[in-house]
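Got a minute to look over a model together? Here it is, and some notes come after.

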Amino acid sequence: MIQFYNVSKIYPNGVKALNDVTVQIRKGEFVFLVGPSGAGKSSLIKIIFREEMPSRGQALFNSKNITRLKGREVPLLRRKIGMVFQDFRLLPQKTVFENVAFAMQVTGSSGRAIRDRVPLVLSQVGLKDKAGVMPSQLSGGEQQRVCIARAIVNNPVLIIADEPTGNLDPDTSWELMNLFNEINSKGTTILMATHARDIVNTMKKRVLSMTGGRITRDEESGVYSNES
Amino acid sequence: MRKAGFTAMNLSTLSYYWREAFSSMFRNAWLSLASVGTVTISLLILGISLLLVMNAQAFTRSLESGVEIRLFLDSGLSRVDVRDMERELKKTPGIATVEFISREEALEEMKKNLGDRQDILEGLEEENPLPDAFRVKAEKADNVPALAAELEEMKGVDQINYGRGMVEKLLAVIKWVRLAGGGLIIVLGVAALLLISTTIRLSLFARRKEIGIMKYLGATNWFVRFPFLLEGMILGFTGAVIASAMIYLGYISLVNRLDEVLPFVTLVTDRDTLLVVIGGLLGLGVVVGILGSAFSIRKFLKV
């Protein structure tokens, strides 16, 4: 599903964020992306999402070359990918329902499709009763559930989560990980950048470890780090 | 089935565009008002100068058909001389019509003009002091001064008479109205454009996070852009409607008042001309609004 071939990314200010990265992620996988801040995790995600272009190398998504997409094809790529952020990025003046519906509105779905689909997704993430509530009235874990609902509402083939539990306590984090696991078990590929050592070590998923812009370790059923 | 879904999609997207445009307009109510006001003032001035120029032009056109040059002839010319002169005048370029007026006819005309007081002229039939004359009409008012100068040199012409000064002044006034109106319109048009683009920029800035999220969710640029273009268009159009209404009502009442006070001054009032002016103003308002917001949007779309 995702293929990187010798991808490097050098920002205009000279920072070398990715250095000759070659990696493949297959459909249906659950992959943790670990490593210290500044190791290149975000740049890797941004290239998949076509927010940044690689300076060198090729990146493919669903056998399509991301680097060769035309400007108007970028929205179509992004509709196949659900994004979950550490800071949620919900619209504060819209209700939970409207926030999730917004993702469908943006892609031009009909009002009926939105009314049918959104409650389904909200109950899937366990927020059936919170549809009319404003995000500010929700706990962090609940807000992240809204963000997940928004990410899956358009049936994406891939979910990219950038430190989704970074602002949450351990119990809440585990609840969310179960939710991600559930989504993954239905066939959606998940790529998750994280610093949550316990979660990575317990879940026994594929782990890509990055240091200094390179992938330094790639293990099935891996752990957060080999030290200790 | 599929078609119904397609229509529904457009409807929901369309209603989304309008809701967004209006809510953002009311969020920056004061700036929206300022934009509308600037558009109104610019278009008001544009409309007024347009009407001024149009009326001035209609006036010159009526003058053009009215301005005539009188050639008073030397006394003692023979009939043959006069006929030769008439033939020569008719060949001169720039002349529309030539008419000979004998001294007898001239006296009759003068009597008619005096009406009740024609007793002043009594006894003049015996010794008519008036000369024979040609009444020449030029094809264009602009040519009258030059033509008059040329004809004055003609053999057999004693004196020449036309609305000297009047024609030149009128032409100069029209030129100035056009220049000043044009300059003002450009300045105010730019001001309106800038204000609308500032209004849109502010609402864009207030919503840049939202725009970022929209782009993350896979919104096309057009989806993001459209509500803002719509907002600019509504602002421009509203200003244009106000300006058009003011100009229309003001002009109609001016025409009516003038009709009472100065019945011999006729203004352009035909429906088609006024419709063209009003339609032009409305169209311009919309264009200014759309351009103004288009300027601002470009850089906010790079996510």
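What follows is a walk through the sheet of chain A, one of its loops, chain B and the contact between the chains.

## Ground rules

Keep in mind that this is a predicted model.

## The sheet in chain A

Let's start with the strand order. Six strands of chain A make an open sheet with mixed pairing, and going across you meet β6-β7-β8-β3-β9-β10. On the edges sit β6 (81-84) and β10 (214-219) of chain A, each of them paired on one side only. Ignoring direction, neighbouring strands in this sheet are turned by 20 degrees against each other on average.

There's a helix to go with it, too. Helix α5 (residues 140-152) of chain A lies across β6 and β7 (158-162) of chain A, and it runs at about 170 degrees to β6(A).

## Strand β3(A) and its partners

How many residues of strand β3 (residues 30-34) of chain A are buried? Five of the five are, so β3(A) is largely enclosed by the rest of the structure. Both of its faces are covered: Val31(A) and Leu33(A) point to one side, Phe30(A), Phe32(A) and Val34(A) to the other, and all of these are buried.

As for pairing, β3(A) has a parallel partner in strand β8 (residues 189-193) of chain A, with four bridges between them. Here Val31(A) has Leu191(A) as its bridge partner in β8(A). β3(A) also pairs with β9(A) in the parallel sense, again over four bridges, and Val34(A) stands opposite Ser209(A) in that strand. Move on from β9 (residues 206-211) of chain A to β10(A) and the sense is antiparallel, with five bridges joining the two. In that pair, Leu208(A) has Asp218(A) of β10(A) as its bridge partner.

## A loop residue worth a click

Thr165(A) sits in the loop between β7 and α6 (170-185) of chain A. Is Thr165(A) buried or exposed? It has 25 C-beta neighbours inside 10 Å, so Thr165(A) counts as buried.

Leaving out residues up to four places away in sequence, Thr165(A) touches Ser173(A), Leu176(A), Thr194(A), Ala196(A) and Ile199(A). If you'd like a distance to check, the C-alpha atoms of Thr165(A) and Gln144(A) are separated by 8.4 Å, with the two residues 21 apart along the chain.

## Over to chain B

Chain B has nine helices and four strands. Read from the N terminus on, its elements go α-α-β-α-β-α-β-α-β-α-α-α-α. Of its 303 residues, 27% count as buried. Among the contacts in chain B between residues at least 6 apart in sequence, 88% join residues at least 24 apart.

One helix pair deserves a look: α8 (residues 221-261) and α9 (residues 271-300) of chain B have axes that come within 7 Å and cross at roughly 150 degrees. Angles over 145 degrees count as roughly antiparallel, so that label fits α8(B) and α9(B). Their crossing is right-handed, and the residues of their contact divide into 18 nonpolar, eight polar and two charged.

## Where the chains meet

Finally, the interface: 15 residues of chain B are in contact with 16 residues of chain A. On the chain B side, α1 (2-27) and α7 (208-216) each supply at least two residues. The largest share of that side, six residues, comes from α1(B). By class, the side of chain B that touches chain A has nine nonpolar, five polar and one charged residues.

Terms used. Residues are numbered from 1 along each chain as its sequence is written. Chains are lettered from A and ligands numbered from 1 in the order in which they are written. This is a predicted model: local features need pLDDT of at least 70, side-chain atom pairs count only at pLDDT 80 or more; totals for chains, interfaces and linings use all residues. Two residues are in contact if their C-beta atoms, placed from the backbone, lie within 7 Å. Ala, Val, Leu, Ile, Met, Phe, Trp, Tyr, Cys and Pro count as nonpolar, Asp, Glu, Lys and Arg as charged, and the others, Gly among them, as polar. Two strands pair if DSSP finds at least two bridges between them. Axes are lines fitted to C-alpha atoms, for helices over the stretch in contact, and angles run from 0 to 180 degrees between N-to-C directions. Angles under 35 degrees count as roughly parallel, over 145 as roughly antiparallel, 65 to 115 as roughly perpendicular and the rest as oblique. A crossing is left-handed if the near helix is turned anticlockwise from the far one by less than a right angle, and right-handed if clockwise. A residue is buried if 20 or more other C-beta atoms lie within 10 Å of its own, exposed if 12 or fewer, and partly exposed in between; C-beta atoms are placed from the backbone.
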